[in-house]
Amino acid sequence: MRELKILAIVIFFTAVTYWGVEPYAHSQMHPHVAPADFRFKEMEPLHVNGNADNGKALVEANCLSCHGIESVGYAAPMSSEDAASAYGVVPPDLSHAGVIYAKNYLAGFLKDPVGATKLSHKFNDAKPYAMPSFAFLSDQEIADVVAYLQNIVATKPSDKAVFEEACGRCHSMKYDAWNAKTPSAAMKNYLGAEAPDLSMMIRSKKAEYLNTFINEPLKMVEGIAMPRVGLSEASQSQVIAYMQNVGDRKKAERERLGLKLIGFMAIFTLIAYLWKVSIWKRAA
Amino acid sequence: MAQIKKAEGFIDWLDQRLAVKAFMRVMMSEYWIPKNINFLWAMGVVLIALFAVLLVTGLLLLMYYKPDVNLAFDSVNYTIMQEVEYGWLWRHMHGVAASATFLIIYIHLFTAIYYGSYKKGREMIWLTGMVLFVAFSAEAFSGYMLPWGQMSYWAAQVITNLFSGIPVIGDEVVIWIRGDYVVADATLTRFFMLHVVLLPLVILAVIAVHFYSLRFPHVNNQDSVELDFEAEAQKYKEGRIKESRVVPFWPVFLSKDFFVVGFFMTFFFFLVCYHFDFAMDPINFEPANSMKTPAHIYPEWYFLWNYEVLRGFFFDIGGIAAMDIGLIAFVFANVVFFLLPFLDRNAMNTAPAHKRPAFFVWFWLLIVDMIVLTVYGKLPPTGVNAWVGFFAAVLFLGLFIALPILTKWEAKKGEKA
């Protein structure tokens, strides 16, 4: 009984200390923010249905001078190096844009790219954003463009493909041999900061934080250069799954082995206990 | 020269040359431990088990680690964590065992304080134990630098900078420690040397002295009764086992320790595989970047109370700069535990704290205060947090200033009674 009382006291003070330095301290260091919003509801949704055929003509007329759509045979108009020096950053290929980005976000982005990406602290009239505003298009035309982009996606892109299109223009993933399409010197010039390598980001930031952060970086870090890229909920979870797969590759092995190690020690403890009881029966 | 005869077997052959039987008697089967102890007396053996884990996993990690600022981070996080078979396991065990070692050291240390095991002939055990605490602290600090993550770099920057508080030569000392004007490759390489060679050698040597210093005053017991170990051992050897108040280290004492070690290691492996963030801070999985100061810089949890004593003094008092007061308090906090046997002026009273009402209050105030310091050492030092830290730091200093007075008063009261 006495031993259990002492054990309870030790556990109590250990638990209080743990609670104070881990959950409590971290809740104080990272104040709570609103959860991720995948509907991007501050942007006015379109109230018209798009026509993919009209969209095709609009895309050909307005987008292809900068963007490629490799899945339908439009190659990127410039090499990555030339594009980076011409625009500051390599423009994305639009093959999967229709599913990678949330529909509402895509429409809002076409109308007001700087507002949608939340980069007004980086770009203005003196330093214009590489993507021009298409606010001169009507709502119907914007809906047509979005409908076309959604229409051309034949197969669901892999986790890695989503990462490459959505993140890989600026970020490297060196533990999976991926180099950012935009050279890091160009990145620094473009956004005022180098984009970090994301290999270990899943361990340093954790999935829960990344889910809110990727959805709206500026909400989490004041003045950050990373744009809001407007991933849909499904594609964002693909990105996080990919980061998990690269940065914490042994997670499954760790969780499997954990049970065996705990089981082994539990059996050891049981045998040790029986041995102890048999020895102390004679001694005490 | 001993009489060497034809050996009756391998043990006898060894015994004639190395006296292994006598050695085993002295170290194991006739090393007498009091019976009236509780599981807190197993913490020493738990620490040995953890140290063995650290040593073995450390050797395995050493085969792939690269002490170079350009290679260190990837050698840990890619080569060891992803490419080497079970490399992640050795790293997780190493990191969690380091943290767990400090938890057990603190339990071990407060057990010694509670049961008065630091005085009346046991001063050398206490002092060598404190040397071990300091050596383990240096070992942990140098080890934390090796993965070359953000907190490796910034903790090193902040902690090495503390030495600039030394009067006159401070700035030169900082450069001497770092081997450069800032924390850089030279710093990493020398802390690597400390972590894998010099400090482990010191720790091994001091552990030996710590054990040796235990043999003469003997292990204390939970009622702090004085035992005549020779008489009690005699009873045991004569077969009056139940009557004897001592048991041999092997197998009786260790049988209980094995159980406690097993119980603890079961929990340990749960932490290693499922709950390791407390010991392997996520922020250190971000590569060191001298251009990007983290929003919050804090040491590992086991240094937080100490860090808060330093940080608690955040305003100038009587014309002395806050930083200087903090540094003086910090040095005081690091030295004062060494002095405990001499600050206790009631040296002959070794009763456990619950039989010494004033000391009992002092003990639990110290525990609560150190937990408050630990928690507030991690919280951002703003607003009311800064003041809680200040008062907790003042209370910490006050407790040790009050100890001689309190124990002297207790001794006087004891004489009268």
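A crossing of two helices is left-handed if the near helix is turned anticlockwise from the far one by less than a right angle, and right-handed if clockwise. Keep that in mind for one helix pair in this predicted model.

**A helix pair in chain B**

The pair is α5(B) and α11(B). α5(B) covers residues 87-114, and α11(B) covers residues 249-274. Their axes lie 9 Å apart. The packing angle is about 125°. That makes α5(B) oblique to α11(B), because angles of 65 to 115 degrees count as roughly perpendicular and those over 145 as roughly antiparallel. As for handedness, α5(B) passes α11(B) in a right-handed crossing.

Which residues meet here? From α5(B) come B:H92, B:M93, B:V96 and B:A100. From α11(B) come B:F268, B:L271 and B:V272. Six of the residues in this contact are nonpolar, one is polar and none is charged.

**Two domains in each chain**

Both chains have a domain assignment. The table gives the bounds and the separation of the domain centres, taken over C-alpha atoms.

| Chain | Domain 1 | Domain 2 | Distance between centres |
|---|---|---|---|
| Chain A | residues 34-247 | residues 258-284 | 58 Å |
| Chain B | residues 31-297 | residues 302-417 | 23 Å |

In chain B, the contact between the domains takes 18 residues from domain 1 and 18 residues from domain 2. Helix α5 appears again here. On the domain 1 side, α5 and α6 (123-145) of chain B each supply at least two residues. That side of domain 1 has ten nonpolar, five polar and three charged residues.

**Where chain B touches chain A**

How many residues of chain B are in contact with chain A? The count is 43 residues of chain B, which touch 43 residues of chain A. Several helices of chain B take part. α4 (72-83), α5, α11 and α15 (357-378) each supply at least two residues to the side that touches chain A. α11(B) gives the most, with 14 residues. By class, the chain B side divides into 31 nonpolar, eight polar and four charged residues.

**Putting it together**

Two helices of chain B recur in this report. α5(B) packs against α11(B). α5(B) also supplies residues to the side of domain 1 that touches domain 2, and to the side of chain B that touches chain A. α11(B) is the top contributor to that side of chain B.

Note on methods:
Residues numbered from 1 in each chain as written. Chains lettered and ligands numbered in written order. Predicted model: local features only at pLDDT ≥ 70, side-chain atom pairs only at ≥ 80, totals over all residues. Axes fitted to C-alpha atoms, helices over the stretch in contact; angles between N-to-C directions. Helix = DSSP H or I, 4+ residues; strand = E, 2+ residues; numbered from the N terminus. Parallel < 35°, antiparallel > 145°, perpendicular 65-115°, else oblique. Contact = placed C-beta atoms within 7 Å. Nonpolar A, V, L, I, M, F, W, Y, C, P; charged D, E, K, R; others polar. Domains from an automatic or database assignment.
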